Amino acid sequence: MSVRNIHPIALDIIQKEHEHLSAVLQGMLHFVREIQSGNDRQDLKLLRAMLYYINEYPERVHHPKEDQILFAKIKERTHQLDNELDAVSEQHGKGELLAHRLQDALLRYEFGGQEAFAHLHTLVEQYAHFYFAHMRAEEERILPVAKQVLNDADWKVVDAAFVENQNNLDKTGQRYKYDLLFAQICSVAPI
Ligand SMILES: [Fe+2]
Ligand SMILES: [Fe+2]
């Protein structure tokens with residue numbers, strides 16, 4: 001086991017991003033469950049905004065950092081998680097596919113009407129379940145091992161990559177855009 005003297009900022013960043021993603025997923029579940037229970041005066045723009053956030057943020061920011069930086073570093077230090085790391089990386093691709101199916105189902109509901117709702121509802125429930133399980137696997141199986149096997153020098157490399165990534169997002173204004181979108185979603189959704 002490695003001795004660690006620093007608190008990795010990369011873990012804080014991942015945790016915060018998981019919290020935001022969880023909040024948006026809860027919002028999506030609430031949205032479709034409200035319609036299911038008869039309250040169909042929901043503004044579909046809100047569900048579109050949630051999907052947009054989920055589509056953009058994990059795919060462009062969150063997953064690449066996990067795959068290319070943290071998971072790669074863990075694999076350098078141990079093979080005990082090889083199968084699990086391959087599985088969660090595969091889920092990143094699957095999540096992208098499910099999100100696109102969800103977008104398609106939303107369009108069908110928007111333009112096809114009530115009869116398309118059941119499919120949308122099912123997909124949202126499936127997607128949220130899938131995503132919660134994915135984040136749980138990372139938090140409960142992968143991050144604890146990362147804390148054990150990566151040493152201070154490893155974390156410096158990982159932290160630097162995560163911070164550089166954030167700085168790049170700041171430079172292009174993307175982080176502001178995502179934070180603003182998240183704040184807008186929170187301001188109207190009960191999350
Ligand atoms: Fe992930
Ligand atoms: Fe993650």
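Here are some notes on this predicted model, with helix α1 as the main thread.

1. Overall layout. The chain holds 6 helices and 0 strands, and reading along the sequence gives the pattern α-α-α-α-α-α. Its C-alpha trace spans about 55 × 35 × 20 Å along the principal axes.

2. Burial and contacts. Of the 191 residues in the chain, 24% count as buried. If you take the contacts with a separation of 6 or more, 81% come from residues 24 or more positions apart.

3. The length of α1. Helix α1 covers residues 9-36. At 1.5 Å a residue, its 28 residues should span 40 Å, and the end C-alpha atoms are 41 Å apart, which agrees. After α1 comes G38, with a positive phi near 110 degrees.

4. The buried side of α1. Which residues of α1 are buried? They are A10, I14, H18, H20, L21, V24, L25, G27, M28, F31 and V32. You will notice two histidines, H18 and H20, in that list. As for partners, the buried residues of α1 pack against α2 (44-77), α4 (117-149), α5 and α6 (174-188).

5. α1 against α5. Two packed helices are described by the angle between their axes and the distance between the axes. Here the axes of α1 and α5 (residues 152-172) come within 8 Å and cross at roughly 50 degrees. Angles from 35 up to 65 degrees fall in the oblique class, and α1 and α5 are therefore oblique to each other. On the α1 side the contact is made by I9, A10 and I13, while α5 brings V158, D159, F162 and V163. By class, this contact has 6 nonpolar, no polar and 1 charged residues; D159 of α5 is among the residues making it.

6. The largest nonpolar core. This core has 23 residues, and those touching the most other members are V24, M28, M50, L51, I54, L102 and L106. Helices α1, α2, α3 (82-112) and α4 each supply at least two of its residues. I54 is a nice one to click on: leaving aside neighbours within four places in sequence, I54 is in contact with L21, V24 and A99.

7. A second core. Apart from the largest core lies another, of 12 residues, among them A10, F71, A146 and L150. A10 is worth following through these notes, since that residue is also buried in α1 and takes part in the contact with α5.

Conventions: Residues numbered from 1 in each chain as written. Chains lettered and ligands numbered in written order. Predicted model: local features only at pLDDT ≥ 70, side-chain atom pairs only at ≥ 80, totals over all residues. Axes fitted to C-alpha atoms, helices over the stretch in contact; angles between N-to-C directions. Helix = DSSP H or I, 4+ residues; strand = E, 2+ residues; numbered from the N terminus. Parallel < 35°, antiparallel > 145°, perpendicular 65-115°, else oblique. Contact = placed C-beta atoms within 7 Å. Nonpolar A, V, L, I, M, F, W, Y, C, P; charged D, E, K, R; others polar. Expected span 1.5 Å × (residues − 1). Buried ≥ 20, exposed ≤ 12 C-beta atoms within 10 Å, placed from the backbone. Core = buried A, V, L, I, M, F, W, Y, C linked by C-beta atoms within 7 Å.
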